[in-house]
Amino acid sequence: MIVKDAVCPFCGCLCDDIEVEVEGNRVVAVANACELGTTKFMCEERLKGPILRDGDGWKEITYDEAIRYAADTLLSAERPLLYGWSGTHGEAQCVGVHMAELIRGVIDNTSSVCHGPSILAIQEVGHPGCTLGVVKNRADLVIYWGSNPIDAHPRHLSRYTRYADGFFLENAFRDRKVIVVDIRRTQTANIADEFVQIKPGGDYAVLSALRAIVQGKTETIPRTVAGVTREQLVRVANLCKGAKFGAVYFGVGLTMTRGKYKNIRNAIELVSELSRHTKFTISAMRGHYNVYGSNEVNTWMTGYPFGIDFSRGIAFYNPGETTAVDILARKECDAALIVGSDPAAHFPRRCLEHLADIPVIQIDPYPNATTAFCNVQIPVAVTGIDAVGTAYRMDGVPIRTRRVLSTDYPSDEEVLLRMYTLMQGAR
Amino acid sequence: MNELLIKNACVIDPLRGINAETMDIAIRDGRIVEEVSGAAEVIDAHGALTLPGGIDSHTHICGTKVNFGRYMSPEDMRAGRTPRRGPLHATSGYSVPTTYGNSYRYSVMGYTTLLEGAMAPLEARHTHEEFTYTPLQDTMANVLFDGNWGVMEAIRDGDIKRVAAIIAWTLRAVKGFGVKLTNPGGTEAWQWGKNVSCIRDPVPYFEVTPAEIIRSVVEANELLHLPHSVHLHCNNLGTPGNYTCTLGSLGLIPDLNRKRQTLYATHVQFHAYGGSGWRDFCSKSEPIARFVNMRPQIVMDMGQVMFGKTTTMTADGPMEFNLYRLHHDKWSNHDVELETGSGIIPVIYRRKNLVNSIMWAIGLELALLTKSPWQCLLTTDNPNGAPFVRYPEIIALLMSKRYRDAEFATVHPDTAARVPLPAIERELDWYEIAVMTRAGQAKALGIQDLGKGHLGPGAEADIAIYPLRIDEVDPSTDYRKVIEAFGRTEYTIKRGRVVARRGECLVDGSNATFWVRPKVSDAYDMGKDPDFIEKFDRYYTVRMRNYPVQEEYLNRNRCIETEAAI
């Protein structure tokens, strides 16, 4: 059996044209997906059932036992943290928000360690963006800044930019210019028409220089800015102003380097400035397939995209205080629920030390680095493979994933709802 | 069987011509009935003003741009928050509250049905997800067709039936209710950073004009026999002198429907400006109202501005960019492939600002100069003119010349020379307010036959009982009492159940979503049209099979089927 138009639950591109060949309830072949997506569809290393830490080993337990344990642990916590959420569907994220509200916990998603600074910048200056299809059909200039789609979002180039056909471009490959801005010559730089190599930490200065040139103040620019020559800066600025439609895509190379959210603010303000001359947009290259959905769900339910603290009943947001890394580093939290992410692979050591000291429940289909830190892990169906649910593409387009396999695993939503129901009974 | 009897209600029910009669209302299983058994629960209204549940026929409460308004505005979220309490969830936000915030605050004001004014088809799933978390009102969404490539191509080819067919397919796919045009043609031009100045400007590449889009889509809408008319946000919003463009747009509309208007012109306040620039900016409410008074085929809503902070959000991307260049605050924009766009900026309307003062006056003038309240409905284009929580003040302003004069004394001193408001003596009565806040909406949306907007047997038992006796309160002088009463019902009843009482919501509800499925012949089924399918595959970034919103997204699914003439 071939499942057509399956939705890839890997990166923020959320490709929905995948063909998955299934035989005997196993995925045997995947067409259209990139290597990352194919690997995810083919992966079979799942946990069989819930496991409970038992001394140095693990004990198999039932879903009922695991869910009861999870509910009790979180109910008895004074400052529970509910973290992750980017690797699950929106319906589960909604239950997560209700749960955080009920137990007066902190709910945070992986944006606080990826595009959190981008969100802070947007909260200062806004976000002129568009859906990916607008870029595909119109853009004659695309800039990748601090992102390397060939490795991280492999089909971004073929579906939306470099290699994509577009309605208003006669010969898209020839008529569309691609600029890559990075601190090193990445693979994506090799396929660019122009590569701008910035000295590490110099993004903010280069963005400011471009803004000045766009504003007609070229004479104020020194001969080089963060290793980039004035000639190249002027050339890039002219390419931008001369474009009919320009699109900037930035990654964590801009978000998480020196300057952080101020870099993004500067980039957005450059785009706002360019919008006075021509059409320009800017968007973040979101990582997890549904990290943006988690921001969306949190926002309509609580008002804030991430880092929400319900300890006083109201939704309170103060990134840097109410975000997972900070709460763990300050050793505030006394129990954690991890859903659809792998903090042990990404968080600072200090946070992990605390994570090792407190009860941790992980809801995740796969054994991962966080498994080593948790007391209970509850395996679930994988959204887009054996569970159906809503995911938001990096540009905000919501897509319902398809089921390609049927298994007995419960979905994240089911497990969380059962936990929530138990908690409601207790409160 | 669930029975409820409301006794001694002072009922105003304009769709049935009932004006302040004291009567009992019997309810069984969520609907109004002739009578109930002696076992029914009884609410004694003690002669309080009792109206059908409020209906907002143009508000922005759910979906991509609304949520982005929240996302980019933590300062607004902090400006209104309540904790989790009983069955109620926590809420945040003042001008763009969270979904629960919207739902609870509307409910406390007696509103039971809401129409989201603008839904981009590609992102419809998002709107429906948020509807699910708007528990105390029934919801429906207008679908944006202003920059739809397929529609514009069909218009260029002179094929109105194909326009209708594309609208039919899309409404069905995205579970939409009505057809919305926001700055028709302008949202497509904006994807090149351009705009159209008025209805005769051709759209780049597509070579159709806004006038052609408006005319064709209006015709197509009637071919599909949709409950609602085309819902138009005119070109050229917010610019001095735009009233001529508005009159030109309204002048395009023939009278094609005997049951309701043929065009719903939304937030007309923003389209009723005179002057050649900001320096001689003035009100042109009079020519607009005069024009509408002579044309029963047009219904408009006010789009009233109230002073204070709010967030503007619209599919009209180029307009928001122009506003951004005036305000220099933050600006978001979101263009949607092959369809439409949107923009958001926060604004503060100030009494000390002459332009803002004139805008405030224009909205009121439109309502006061339009003879029939059925033709000018009360809105703020929430939250664009003001958050909906300001509705009670607007009601009071319309009912009291004295209140208007008191407020007028506080606005920019030059306003008097630019607006007719001080000379208008009219004070609206309770009946007219009931028309402008529920009955008129039900008629304009074409949902009165579904039991909305009235209290006749068979109607949905959506009822608002306000803590006010109209024989004791003179709105002309006691306007404070009017504001207080309309801000907080004694009881809000949704589907036969008390959902809010004296400012407190009591239950976690479950809404219904109304959407329309026009039945078209096979020849006009775009799902089988090779050209439509091919273009979809080539230019959208979502597969055609993944585009339709599944029924799982509809909480209580209220599908309205129409027999289309194609």
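## A two-chain predicted model: a briefing

With 24 C-beta neighbours inside 10 Å, A:G146 counts as buried, because the cut-off for burial is 20 or more such neighbours. The model you have in front of you is predicted. Starting from A:G146, this briefing moves on to the domains of chain A, the contact between chains A and B, the make-up of chain B, and a few backbone details in chain B.

**Around A:G146**

- A:G146 sits in the loop of chain A that runs between β9 (141–145) and α6 (149–152).
- Setting aside neighbours within four places in sequence, A:G146 touches A:V181, A:D182 and A:D203. A further group of its contacts is A:F250, A:G251, A:V252, A:G253, A:L254 and A:T257.
- For a sense of distance, take A:T224, which is 78 residues away from A:G146 along the chain: the two C-alpha atoms are 19 Å apart.

**Domains of chain A**

- Chain A is split into two domains: domain 1 covers 47–113 + 289–426, and domain 2 covers 116–284.
- The centres of these two domains of chain A, taken over C-alpha atoms, are separated by 34 Å.
- Where they meet, domain 1 of chain A supplies 10 residues and domain 2 of chain A supplies 8 residues.
- On the domain 1 side of that contact in chain A, the residues divide by class into 6 nonpolar, 3 polar and 1 charged.

**Where the chains meet**

- The contact between the chains involves 46 residues from chain B and 52 residues from chain A.
- On the chain B side, the elements giving two or more residues include the helices α1 (64–71), α2 (74–78), α4 (124–132) and α17 (530–539). The strands β7 (81–82) and β18 (332–335) of chain B are also among them.
- That side of chain B has 16 nonpolar, 17 polar and 13 charged residues.
- Strand pairing also links the chains: β8 (residues 128–130) of chain A runs parallel to β18(B), with 3 bridges between them.
- Which residue of β18(B) is the bridge partner of A:G129? The partner is B:H334.

**Chain B as a whole**

- Chain B contains 17 helices and 26 strands.
- Its C-alpha trace spans about 65 × 60 × 45 Å along the principal axes.
- The radius of gyration of chain B is 22 Å, which agrees with the value near 24 Å for a compact globule of 566 residues.
- Of the 566 residues in chain B, 63% count as buried.
- If you look at contacts in chain B between residues at least 6 apart in sequence, 78% of them join residues at least 24 apart.

**Backbone details in chain B**

- As background, most residues other than glycine have a negative phi, and most peptide bonds are trans.
- B:N8 is not a glycine, yet its phi is positive, at about 55°. This residue belongs to strand β1 (residues 3–13) of chain B.
- Is B:N8 buried or partly exposed? B:N8 is partly exposed, because 14 other C-beta atoms lie within 10 Å, and partly exposed residues fall between the cut-offs of 12 or fewer and 20 or more.
- B:R495 also has a positive phi, near 45°, and is placed in the loop between β22 (491–494) and β23 (497–501) of chain B.
- B:R495 counts as buried, with 22 C-beta neighbours inside 10 Å.
- The peptide bond from B:N382 to B:P383 is cis, its omega being near 0°. B:P383 lies in the loop between β20 (376–377) and α13 (391–399) of chain B.

Methods:
Residues are numbered from 1 along each chain as its sequence is written. Chains are lettered from A and ligands numbered from 1 in the order in which they are written. This is a predicted model: local features need pLDDT of at least 70, side-chain atom pairs count only at pLDDT 80 or more; totals for chains, interfaces and linings use all residues. Domain bounds come from an automatic or database domain assignment. Two residues are in contact if their C-beta atoms, placed from the backbone, lie within 7 Å. Ala, Val, Leu, Ile, Met, Phe, Trp, Tyr, Cys and Pro count as nonpolar, Asp, Glu, Lys and Arg as charged, and the others, Gly among them, as polar. Helices (H or I, at least four residues) and strands (E, at least two) are DSSP runs, numbered from the N terminus. Two strands pair if DSSP finds at least two bridges between them. The radius of gyration is taken over C-alpha atoms; the globule rule is 2.2 Å times the number of residues to the power 0.38.
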